[in-house]
Amino acid sequence: MKSYREYLWFETKKRREYLNITGDVERAVKKSGVKEGLVLVNAMHITASVYINDDEPGLIQDFDRFLEKMAPCDPRGYLHHQTGEDNGDAHLKRQLFGREVVVALTEGKLDFGPWEQIFYAEFDGRRKKRVLVKVIGE
Amino acid sequence: MKSYREYLWFETKKRREYLNITGDVERAVKKSGVKEGLVLVNAMHITASVYINDDEPGLIQDFDRFLEKMAPCDPRGYLHHQTGEDNGDAHLKRQLFGREVVVALTEGKLDFGPWEQIFYAEFDGRRKKRVLVKVIGE
Amino acid sequence: MKSYREYLWFETKKRREYLNITGDVERAVKKSGVKEGLVLVNAMHITASVYINDDEPGLIQDFDRFLEKMAPCDPRGYLHHQTGEDNGDAHLKRQLFGREVVVALTEGKLDFGPWEQIFYAEFDGRRKKRVLVKVIGE
């Protein structure tokens, strides 16, 4: 069994951003040399998500509006802020969109449907944060 | 290490349907010959989910009402529709219910609790769509 | 390829509780002897979640309030209750927080960011319930 681990680093300019990281994951898979197996891609921070959906700007704005409606950015709205933090909304947004994706590798490629793209969703950015890519297989 | 990949095809009659696919996944696992490992089951389209919960008709209606309340089917409600699409709600419902499940295989079987059943949740059906099953292990 | 499976048992005193199970998972990984691979941790019951986030009491209360707002505990609110059940809310809360996490193992350890902690979220407790830990790798 082969395995390979890589960290991807991001520092967004805005508090919330949605980055298509499919190419980064494809490069890591290629480096791993794994042809048949699984790749795990997860946020290493608890105020960010990795998810798979379409790369369409209107849809991404719909996602952002939805998350802001569900868990609004609000300095007074969260008990978590009694610790001095201001990112309670970001922890909740991450729970809704999830931490990770697991993708099948077949013949050395991400075994994807026609519109699947991997996104890093940052909900509390403007600082350096990481995504983990772990490949296992043969 | 063994690996096995199979696509399951579905074409629902209604826009939204919830199909119990546990038997399909069990058959794929059997074909794989894997006794100890993991099976990944994911929607290959971004307006559908794969999730694990109970096969009880009232509960499935509760799920459907909940998703429709959170992200209503609404021709004017989504920026995504400026592209000519009409399925913004389906992309959001999918985000809430997730893309995939990963299930442990032990002694050649899905290592499940008493009520776990795998569902394919279609949020924009009436056309052919796929689910991927990838088995790895020994 | 090595594999290892262990069940963790829990019986909470309250209907809803959030338990940090990171130490239990670390012990299972150690027993497995796997240095490079993946560990799957999933609820085996469909009214509970396993998720990764911060171990901060205010945040956990924020999560609980959020889930109760989204899917309130309500004897009359769910069609599922026509079967005699009273836990429709717990099935929905579980859908929002997810069933499972998959974590990378590198050099024998959970490959975690600075604040990642694994939680068992019980939404219908006061009875014995299980979490599955499955480790695969080398």
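This is a chat between a student and a tutor about the predicted model above.

Student: Before we start, how are the residues numbered, and what should I know about the model?
Tutor: Residues are numbered from 1 along each chain as its sequence is written, and chains are lettered from A, with ligands numbered from 1, in the order in which they are written. This is a predicted model, where local features need pLDDT of at least 70, side-chain atom pairs count only at pLDDT 80 or more, and totals for chains, interfaces and linings use all residues, while side-chain values use heavy atoms and leave out hydrogens and water.

Student: OK, chain A. How many helices and strands are there?
Tutor: Chain A has three helices and eight strands. Those are DSSP runs numbered from the N terminus: helices are H or I with at least four residues, strands are E with at least two.

Student: And what pattern do they follow along the sequence?
Tutor: Chain A reads β-β-α-β-β-α-α-β-β-β-β.

Student: What's the radius of gyration of chain A, and what would a compact globule have?
Tutor: Chain A has 16 Å, and a compact globule with 138 residues would have a value near 14 Å, which agrees. The radius is taken over C-alpha atoms, and the globule rule is 2.2 Å times the number of residues to the power 0.38. Along its principal axes, the C-alpha trace of chain A spans about 50 × 30 × 20 Å.

Student: What share of chain A is buried?
Tutor: Buried residues are 64% of the 138 in chain A. Buried means under 20% relative accessible area, exposed means over 50%, and partly exposed is in between, using a 1.4 Å probe and protein chains only.

Student: What about contacts in chain A with a separation of 6 or more?
Tutor: Of those, 82% join residues 24 or more positions apart. A contact means heavy atoms within 4.5 Å.

Student: How many charged side chains does chain A have, positive and negative?
Tutor: There are 23 positive and 23 negative side chains in chain A, with the centres of the two sets 5 Å apart. Lys and Arg count as positive and Asp and Glu as negative, while His and the chain ends aren't counted. Each charge is placed at NZ of Lys, CZ of Arg, CG of Asp or CD of Glu.

Student: New topic. What turn lays chain B on chain A?
Tutor: A turn of 120 degrees, with a shift of 0.0 Å along the axis, gives an RMSD of 0.0 Å. The two copies are thus related as by a three-fold rotation axis. The superposition is by least squares on C-alpha atoms of residues with pLDDT of at least 70 in both copies.

Student: And chain B on chain C?
Tutor: Chain B goes onto chain C with a turn of 120 degrees, a shift of 0.0 Å along the axis and an RMSD of 0.0 Å. The copies use different surfaces, though: 20% of the contact residues of chain B recur in chain C.

Student: Back to helices. Why is α3 of chain A described as largely enclosed?
Tutor: Ten of the ten residues of α3 in chain A (residues 88–97) are buried, so the rest of the structure largely encloses that helix. Among them are A:Asp89, A:Lys93 and A:Arg94.

Student: What comes after α3(A)?
Tutor: A:Gly98 follows, with a positive phi near 90 degrees. In chain B, B:Gly98 sits just after α3(B) and has a positive phi of about 90 degrees.

Student: Which residue other than glycine has a positive phi in chain B?
Tutor: One is B:Arg126, with phi near 65 degrees. For background, most residues other than glycine have a negative phi. B:Arg126 is in the loop between β7 (117–122) and β8 (129–137) of chain B.

Student: Is B:Arg126 buried or exposed?
Tutor: B:Arg126 is exposed, with a relative accessible area of 51%. C:Arg126 counts as exposed too, at 52%.

Student: Where is B:Trp115?
Tutor: B:Trp115 is in the loop between β6 (109–110) and β7 of chain B, and counts as exposed at 55% relative accessibility.

Student: What does B:Trp115 contact?
Tutor: Leaving aside neighbours within four places in sequence, B:Trp115 is in contact with B:Asn53, B:Asp54 and C:Ile46.
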